[in-house]
Amino acid sequence: MAPRGLARSVALEPVILAGTTVPAVAADLARELGCSTAEADIRRFPDGECYVHVTDDLTGRHAIIVQNTSPDAALVEAMLLQDAAREAGADRVTTVVPYLAYARQDRSFKHGEAISSRAVARALGANTEELITVDPHKEDILRFYPNARSVSAVPQLAARLGEWGVDCILAPDKGARDRAQRAAAILGIPHDHLEKTRLSATEVRMRAKELDVAGKRVAIVDDLIASGGTMITAARQLKEQGASAVYAACTHGLFTGGAVPKLLAGGIDRVLCTNSLPSEGCDVVSVAEAVAHALLATATA
Ligand code: R5P
(Lines give C-alpha, C1' and ligand atoms only; values in the text may rest on other atoms or scores of the structure.)
Protein backbone atom coordinates (compact mmCIF):
# COMPACT_ATOMS: atom_id res chain seq x y z
CA MET A 1 0.00 0.00 0.00
CA ALA A 2 1.22 3.47 -0.85
CA PRO A 3 2.04 5.76 2.07
CA ARG A 4 -1.00 7.88 2.85
CA GLY A 5 1.01 11.07 3.09
CA LEU A 6 1.89 10.86 -0.60
CA ALA A 7 -1.63 11.74 -1.61
CA ARG A 8 -1.25 15.08 0.15
CA SER A 9 1.41 16.10 -2.35
CA VAL A 10 -1.12 16.05 -5.19
CA ALA A 11 -1.64 19.67 -6.27
CA LEU A 12 -5.41 19.24 -6.40
CA GLU A 13 -6.92 17.19 -3.63
CA PRO A 14 -8.02 13.85 -5.13
CA VAL A 15 -11.45 12.39 -4.55
CA ILE A 16 -12.76 9.06 -5.81
CA LEU A 17 -15.99 9.10 -7.77
CA ALA A 18 -17.21 5.51 -8.02
CA GLY A 19 -19.48 4.29 -10.78
CA THR A 20 -21.64 1.23 -10.26
CA THR A 21 -19.51 -1.38 -12.07
CA VAL A 22 -16.40 -1.87 -9.89
CA PRO A 23 -17.06 -0.47 -6.39
CA ALA A 24 -14.39 -2.75 -4.91
CA VAL A 25 -11.68 -1.16 -7.06
CA ALA A 26 -12.93 2.32 -6.13
CA ALA A 27 -12.82 1.46 -2.40
CA ASP A 28 -9.34 -0.09 -2.69
CA LEU A 29 -8.08 2.92 -4.64
CA ALA A 30 -9.43 5.38 -2.06
CA ARG A 31 -7.60 3.37 0.59
CA GLU A 32 -4.37 3.24 -1.44
CA LEU A 33 -4.45 6.99 -2.05
CA GLY A 34 -5.70 7.83 1.43
CA CYS A 35 -8.43 10.02 -0.06
CA SER A 36 -12.18 10.35 0.32
CA THR A 37 -15.01 9.17 -1.92
CA ALA A 38 -17.55 11.59 -3.38
CA GLU A 39 -21.24 10.98 -2.84
CA ALA A 40 -23.24 10.48 -6.00
CA ASP A 41 -26.78 9.50 -6.87
CA ILE A 42 -26.64 7.07 -9.79
CA ARG A 43 -29.93 5.63 -10.96
CA ARG A 44 -31.73 4.25 -13.97
CA PHE A 45 -34.94 5.75 -15.25
CA PRO A 46 -37.75 3.27 -15.97
CA ASP A 47 -36.77 3.30 -19.66
CA GLY A 48 -33.23 2.24 -18.72
CA GLU A 49 -31.54 5.61 -19.26
CA CYS A 50 -28.94 6.59 -16.69
CA TYR A 51 -29.10 9.50 -14.22
CA VAL A 52 -26.00 10.77 -12.41
CA HIS A 53 -25.86 13.51 -9.78
CA VAL A 54 -22.67 14.16 -7.84
CA THR A 55 -24.05 15.54 -4.60
CA ASP A 56 -20.71 16.58 -3.06
CA ASP A 57 -19.09 19.85 -4.11
CA LEU A 58 -15.90 19.01 -6.03
CA THR A 59 -14.72 22.57 -6.56
CA GLY A 60 -10.93 22.61 -6.78
CA ARG A 61 -10.74 18.82 -6.55
CA HIS A 62 -9.21 16.17 -8.78
CA ALA A 63 -12.06 13.74 -9.45
CA ILE A 64 -10.87 10.19 -10.08
CA ILE A 65 -13.73 8.32 -11.69
CA VAL A 66 -13.60 4.53 -11.37
CA GLN A 67 -15.89 2.82 -13.84
CA ASN A 68 -15.76 0.07 -16.43
CA THR A 69 -17.13 0.43 -19.94
CA SER A 70 -18.74 -2.99 -20.04
CA PRO A 71 -21.61 -3.79 -20.39
CA ASP A 72 -22.49 -1.13 -22.96
CA ALA A 73 -24.72 0.84 -20.56
CA ALA A 74 -21.69 1.33 -18.31
CA LEU A 75 -20.02 3.38 -21.04
CA VAL A 76 -22.84 5.93 -20.94
CA GLU A 77 -22.64 5.94 -17.14
CA ALA A 78 -18.90 6.72 -17.39
CA MET A 79 -19.62 9.64 -19.73
CA LEU A 80 -22.29 10.99 -17.37
CA LEU A 81 -19.92 10.63 -14.41
CA GLN A 82 -17.35 12.73 -16.29
CA ASP A 83 -19.97 15.37 -17.04
CA ALA A 84 -21.36 15.34 -13.50
CA ALA A 85 -17.85 15.70 -12.03
CA ARG A 86 -17.38 18.88 -14.09
CA GLU A 87 -20.80 20.17 -13.07
CA ALA A 88 -19.86 19.53 -9.43
CA GLY A 89 -16.84 21.79 -9.93
CA ALA A 90 -13.95 19.33 -10.41
CA ASP A 91 -10.86 21.06 -11.81
CA ARG A 92 -9.36 17.84 -13.12
CA VAL A 93 -10.97 14.57 -14.13
CA THR A 94 -9.11 11.28 -14.41
CA THR A 95 -11.07 8.29 -15.65
CA VAL A 96 -9.89 4.93 -14.37
CA VAL A 97 -11.31 2.08 -16.44
CA PRO A 98 -10.04 -1.22 -15.01
CA TYR A 99 -11.52 -3.24 -17.88
CA LEU A 100 -11.62 -1.22 -21.06
CA ALA A 101 -14.13 -2.88 -23.35
CA TYR A 102 -13.95 -2.77 -27.15
CA ALA A 103 -10.17 -3.11 -26.98
CA ARG A 104 -10.07 -5.91 -29.54
CA GLN A 105 -10.86 -4.07 -32.77
CA ASP A 106 -8.38 -1.32 -33.58
CA ARG A 107 -8.65 -1.44 -37.38
CA SER A 108 -11.25 -2.22 -39.99
CA PHE A 109 -10.80 -5.45 -41.89
CA LYS A 110 -13.69 -4.86 -44.27
CA HIS A 111 -14.85 -1.69 -45.97
CA GLY A 112 -17.47 -0.05 -43.75
CA GLU A 113 -16.57 -1.86 -40.52
CA ALA A 114 -16.58 0.14 -37.27
CA ILE A 115 -13.24 0.63 -35.57
CA SER A 116 -14.87 0.06 -32.22
CA SER A 117 -11.94 0.95 -29.95
CA ARG A 118 -11.60 4.31 -31.76
CA ALA A 119 -15.33 5.02 -31.49
CA VAL A 120 -15.28 4.32 -27.75
CA ALA A 121 -12.15 6.46 -27.34
CA ARG A 122 -13.86 9.40 -29.04
CA ALA A 123 -16.75 9.17 -26.59
CA LEU A 124 -14.76 8.47 -23.45
CA GLY A 125 -11.58 10.43 -24.07
CA ALA A 126 -13.15 13.79 -24.87
CA ASN A 127 -14.15 14.89 -21.37
CA THR A 128 -11.30 13.71 -19.16
CA GLU A 129 -7.78 15.00 -18.63
CA GLU A 130 -6.48 11.45 -18.51
CA LEU A 131 -7.64 7.88 -18.84
CA ILE A 132 -5.93 5.01 -17.05
CA THR A 133 -6.69 1.40 -17.80
CA VAL A 134 -5.25 -1.96 -16.82
CA ASP A 135 -3.65 -4.46 -19.22
CA PRO A 136 -5.70 -3.56 -22.32
CA HIS A 137 -6.07 -6.39 -24.83
CA LYS A 138 -4.24 -4.25 -27.38
CA GLU A 139 -1.96 -1.55 -25.99
CA ASP A 140 -2.09 0.14 -29.37
CA ILE A 141 -5.70 1.28 -28.91
CA LEU A 142 -4.54 3.91 -26.44
CA ARG A 143 -3.36 5.96 -29.42
CA PHE A 144 -7.01 6.84 -30.05
CA TYR A 145 -7.15 8.80 -26.76
CA PRO A 146 -5.75 12.29 -26.33
CA ASN A 147 -4.16 11.21 -23.04
CA ALA A 148 -4.34 7.60 -21.96
CA ARG A 149 -1.95 5.13 -20.39
CA SER A 150 -2.08 1.63 -19.06
CA VAL A 151 -0.81 -0.01 -15.93
CA SER A 152 -0.22 -3.70 -15.44
CA ALA A 153 -1.59 -6.05 -12.82
CA VAL A 154 1.06 -8.66 -13.69
CA PRO A 155 3.09 -7.92 -10.51
CA GLN A 156 0.03 -8.55 -8.33
CA LEU A 157 -0.85 -11.74 -10.23
CA ALA A 158 2.77 -12.91 -10.03
CA ALA A 159 2.91 -12.29 -6.29
CA ARG A 160 -0.12 -14.53 -5.73
CA LEU A 161 1.24 -17.22 -8.07
CA GLY A 162 4.46 -17.11 -6.06
CA GLU A 163 2.46 -17.87 -2.90
CA TRP A 164 1.06 -20.92 -4.71
CA GLY A 165 4.57 -22.23 -5.37
CA VAL A 166 4.39 -22.05 -9.15
CA ASP A 167 7.46 -23.52 -10.91
CA CYS A 168 7.09 -21.93 -14.35
CA ILE A 169 4.89 -19.50 -16.29
CA LEU A 170 3.46 -20.15 -19.72
CA ALA A 171 1.88 -17.78 -22.21
CA PRO A 172 -1.05 -19.26 -24.15
CA ASP A 173 0.60 -18.19 -27.42
CA LYS A 174 3.68 -16.39 -28.70
CA GLY A 175 1.88 -13.02 -28.83
CA ALA A 176 1.21 -13.14 -25.09
CA ARG A 177 4.79 -14.09 -24.21
CA ASP A 178 5.76 -10.68 -22.85
CA ARG A 179 3.23 -10.90 -20.01
CA ALA A 180 4.43 -14.39 -19.04
CA GLN A 181 8.03 -13.21 -19.19
CA ARG A 182 7.31 -10.30 -16.82
CA ALA A 183 5.54 -12.56 -14.32
CA ALA A 184 8.36 -15.10 -14.47
CA ALA A 185 11.02 -12.41 -14.03
CA ILE A 186 9.30 -11.19 -10.87
CA LEU A 187 9.32 -14.70 -9.45
CA GLY A 188 12.74 -15.68 -10.81
CA ILE A 189 11.35 -18.78 -12.52
CA PRO A 190 11.40 -19.94 -16.18
CA HIS A 191 8.79 -19.03 -18.76
CA ASP A 192 7.79 -20.23 -22.19
CA HIS A 193 4.85 -20.06 -24.57
CA LEU A 194 2.50 -22.74 -25.81
CA GLU A 195 2.67 -23.85 -29.40
CA LYS A 196 -0.43 -25.11 -31.10
CA THR A 197 -0.26 -27.80 -33.76
CA ARG A 198 -3.41 -28.83 -35.61
CA LEU A 199 -3.34 -32.62 -35.86
CA SER A 200 -6.72 -33.01 -37.58
CA ALA A 201 -9.95 -31.07 -38.14
CA THR A 202 -10.94 -31.74 -34.52
CA GLU A 203 -7.62 -32.30 -32.75
CA VAL A 204 -5.13 -29.66 -31.61
CA ARG A 205 -1.88 -30.32 -29.75
CA MET A 206 -0.57 -27.71 -27.34
CA ARG A 207 2.81 -27.95 -25.68
CA ALA A 208 5.39 -25.59 -24.25
CA LYS A 209 7.87 -24.66 -26.96
CA GLU A 210 10.94 -25.62 -24.93
CA LEU A 211 10.10 -26.24 -21.28
CA ASP A 212 9.46 -29.74 -19.98
CA VAL A 213 6.43 -29.39 -17.69
CA ALA A 214 6.65 -32.91 -16.18
CA GLY A 215 6.29 -32.70 -12.41
CA LYS A 216 5.91 -28.90 -12.52
CA ARG A 217 3.25 -26.57 -11.13
CA VAL A 218 2.49 -24.49 -14.19
CA ALA A 219 0.65 -21.16 -14.41
CA ILE A 220 -0.75 -19.95 -17.72
CA VAL A 221 -0.97 -16.16 -17.72
CA ASP A 222 -3.21 -14.33 -20.19
CA ASP A 223 -4.77 -10.88 -20.40
CA LEU A 224 -8.30 -12.25 -20.30
CA ILE A 225 -10.31 -15.40 -19.96
CA ALA A 226 -13.66 -15.42 -21.76
CA SER A 227 -15.17 -18.89 -22.34
CA GLY A 228 -12.12 -20.54 -20.78
CA GLY A 229 -11.70 -22.74 -23.86
CA THR A 230 -8.06 -21.73 -24.43
CA MET A 231 -7.09 -22.52 -20.83
CA ILE A 232 -8.99 -25.83 -20.71
CA THR A 233 -7.42 -27.13 -23.93
CA ALA A 234 -3.98 -26.17 -22.60
CA ALA A 235 -4.59 -27.63 -19.13
CA ARG A 236 -5.69 -31.02 -20.45
CA GLN A 237 -2.60 -31.35 -22.58
CA LEU A 238 -0.19 -30.05 -19.96
CA LYS A 239 -1.56 -32.59 -17.50
CA GLU A 240 -1.07 -35.34 -20.10
CA GLN A 241 2.51 -34.09 -20.44
CA GLY A 242 2.97 -34.58 -16.68
CA ALA A 243 2.30 -31.15 -15.14
CA SER A 244 1.47 -31.69 -11.47
CA ALA A 245 -0.83 -28.64 -11.32
CA VAL A 246 -2.09 -26.08 -13.84
CA TYR A 247 -3.24 -22.65 -12.70
CA ALA A 248 -5.07 -20.19 -14.95
CA ALA A 249 -4.30 -16.52 -14.30
CA CYS A 250 -5.58 -13.45 -16.09
CA THR A 251 -6.12 -9.76 -15.52
CA HIS A 252 -9.68 -9.70 -16.80
CA GLY A 253 -12.01 -12.52 -15.87
CA LEU A 254 -14.87 -12.12 -18.31
CA PHE A 255 -15.87 -15.72 -17.58
CA THR A 256 -18.68 -15.99 -20.10
CA GLY A 257 -21.16 -18.87 -19.85
CA GLY A 258 -20.13 -20.10 -16.39
CA ALA A 259 -16.46 -20.36 -17.32
CA VAL A 260 -15.06 -20.70 -13.77
CA PRO A 261 -16.73 -24.04 -12.92
CA LYS A 262 -15.90 -25.25 -16.43
CA LEU A 263 -12.24 -24.35 -15.91
CA LEU A 264 -12.13 -26.14 -12.56
CA ALA A 265 -13.81 -29.20 -14.06
CA GLY A 266 -11.61 -29.06 -17.14
CA GLY A 267 -8.18 -29.59 -15.64
CA ILE A 268 -7.41 -26.17 -14.12
CA ASP A 269 -6.56 -26.49 -10.43
CA ARG A 270 -7.00 -22.84 -9.45
CA VAL A 271 -8.23 -19.73 -11.23
CA LEU A 272 -6.77 -16.31 -10.50
CA CYS A 273 -7.95 -12.95 -11.83
CA THR A 274 -8.12 -9.32 -10.72
CA ASN A 275 -11.11 -7.34 -9.53
CA SER A 276 -11.26 -5.45 -12.86
CA LEU A 277 -14.52 -7.34 -13.38
CA PRO A 278 -16.85 -8.93 -10.86
CA SER A 279 -16.15 -12.65 -10.50
CA GLU A 280 -17.11 -15.65 -8.40
CA GLY A 281 -15.39 -18.87 -7.46
CA CYS A 282 -11.82 -17.79 -8.12
CA ASP A 283 -8.94 -16.09 -6.34
CA VAL A 284 -8.80 -12.33 -6.84
CA VAL A 285 -6.09 -9.68 -6.54
CA SER A 286 -6.79 -5.95 -6.70
CA VAL A 287 -5.72 -3.64 -9.52
CA ALA A 288 -5.88 -0.65 -7.17
CA GLU A 289 -2.24 -0.75 -6.09
CA ALA A 290 -1.02 -0.56 -9.70
CA VAL A 291 -3.39 2.31 -10.51
CA ALA A 292 -2.46 4.16 -7.32
CA HIS A 293 1.24 3.92 -8.12
CA ALA A 294 0.59 5.43 -11.55
CA LEU A 295 -1.45 8.28 -10.09
CA LEU A 296 1.07 9.00 -7.36
CA ALA A 297 3.98 8.89 -9.82
CA THR A 298 2.28 11.64 -11.86
CA ALA A 299 1.42 13.65 -8.78
CA THR A 300 4.97 13.64 -7.48
CA ALA A 301 6.73 13.99 -10.88
C1 R5P B 1 -6.84 -13.86 -27.10
O2 R5P B 1 -6.28 -13.07 -27.84
C3 R5P B 1 -7.01 -13.55 -25.65
O4 R5P B 1 -5.82 -13.06 -25.09
C5 R5P B 1 -7.49 -14.76 -24.89
O6 R5P B 1 -6.51 -15.78 -25.00
C7 R5P B 1 -8.79 -15.30 -25.40
O8 R5P B 1 -9.67 -14.26 -25.70
C9 R5P B 1 -9.40 -16.21 -24.38
O10 R5P B 1 -10.65 -16.62 -24.83
P11 R5P B 1 -11.33 -17.93 -24.28
O12 R5P B 1 -11.27 -17.88 -22.78
O13 R5P B 1 -12.74 -17.86 -24.80
O14 R5P B 1 -10.59 -19.10 -24.83
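How do strand β10 and β11 pair, and over how many bridges? Strand β10 (residues 191-198) and β11 pair in the antiparallel sense, over 5 bridges. The legends below start with the sheet that holds them.

This is a predicted model, in which local features need pLDDT of at least 70, side-chain atom pairs count only at pLDDT 80 or more, and totals for chains, interfaces and linings use all residues. Residues are numbered from 1 along each chain as its sequence is written, and side-chain values use heavy atoms, with hydrogens and water left out.

**View 1. An open sheet of 7 strands with mixed pairing.** The order is β11-β10-β9-β12-β13-β14-β15. Strands are DSSP runs of E, at least two residues long; helices are runs of H or I, at least four residues long; numbering starts at the N terminus. Two strands pair if DSSP finds at least two bridges between them. β11 (204-208) and β15 (283-285) stand at the edges. Each has a single partner strand, so one side of each lacks a neighbour in the sheet. From one strand to the next, the twist averages 25°. Angles run from 0 to 180 degrees between N-to-C directions, with axes fitted as lines to C-alpha atoms, for helices over the stretch in contact. Where β10 meets β11, Thr 197 has Arg 205 of β11 as its bridge partner.

**View 2. An open sheet of 6 strands with parallel pairing.** Its order is β2-β1-β5-β6-β7-β8. The edge strands, β2 (36-37) and β8 (148-151), each pair on one side only. At the β2 end, β1 and β2 are parallel and share 2 bridges. Val 15 has Ser 36 of β2 as its bridge partner. β1 also pairs with β5, in the parallel sense over 6 bridges. Here Ile 16 is matched with Ile 64 in β5.

**View 3. Helix α2 lies across β1, β5 and β6.** The helix spans residues 72-87 and runs at about 155° to β6. Beneath this title belong two of those strands: β5 (residues 61-66) and β6 (residues 92-97) run parallel, joined by 5 bridges. His 62 stands opposite Arg 92 in β6.

**View 4. The ligand and its shell.** The ligand is surrounded by His 137, Asp 222, Asp 223, Leu 224, Ile 225, Ala 226, Ser 227, Gly 228, Gly 229 and Thr 230. A residue is near the ligand if one of its heavy atoms lies within 4 Å of it. β12 (217-225) and α6 (229-240) each supply at least two shell residues. β12 gives the most, with 4 residues. By class, the shell has 3 nonpolar, 5 polar and 2 charged residues. Nonpolar covers Ala, Val, Leu, Ile, Met, Phe, Trp, Tyr, Cys and Pro; charged covers Asp, Glu, Lys and Arg; the others, Gly among them, are polar.

**View 5. Ligand oxygen atoms and three side chains.** An oxygen atom of the ligand is 2.5 Å from an N or O atom in the side chain of Asp 222. For the side chain of Ser 227, the distance from a ligand oxygen atom to an N or O atom is 2.6 Å. For that of Thr 230, it is 2.5 Å. Taken alone the ligand exposes 380 Å², and the protein buries 74% of that. Areas come from the Shrake-Rupley method with a 1.4 Å probe; for residues, only the protein chains shown count as cover.

**View 6. Ser 152 in the loop between β8 and α4 (154-163).** A polar contact of 2.9 Å joins the side chains of Ser 152 and Asp 135. Another, of 3.0 Å, joins those of Ser 152 and Arg 182. A polar contact is a pair of N or O atoms within 3.5 Å; within protein, one must be able to donate a hydrogen and the other to accept it, and residues adjacent in sequence count only if both atoms are side-chain atoms. Ser 152 touches Asp 135, Arg 182 and Ala 290, not counting residues up to four places away in sequence. Contact means heavy atoms within 4.5 Å.
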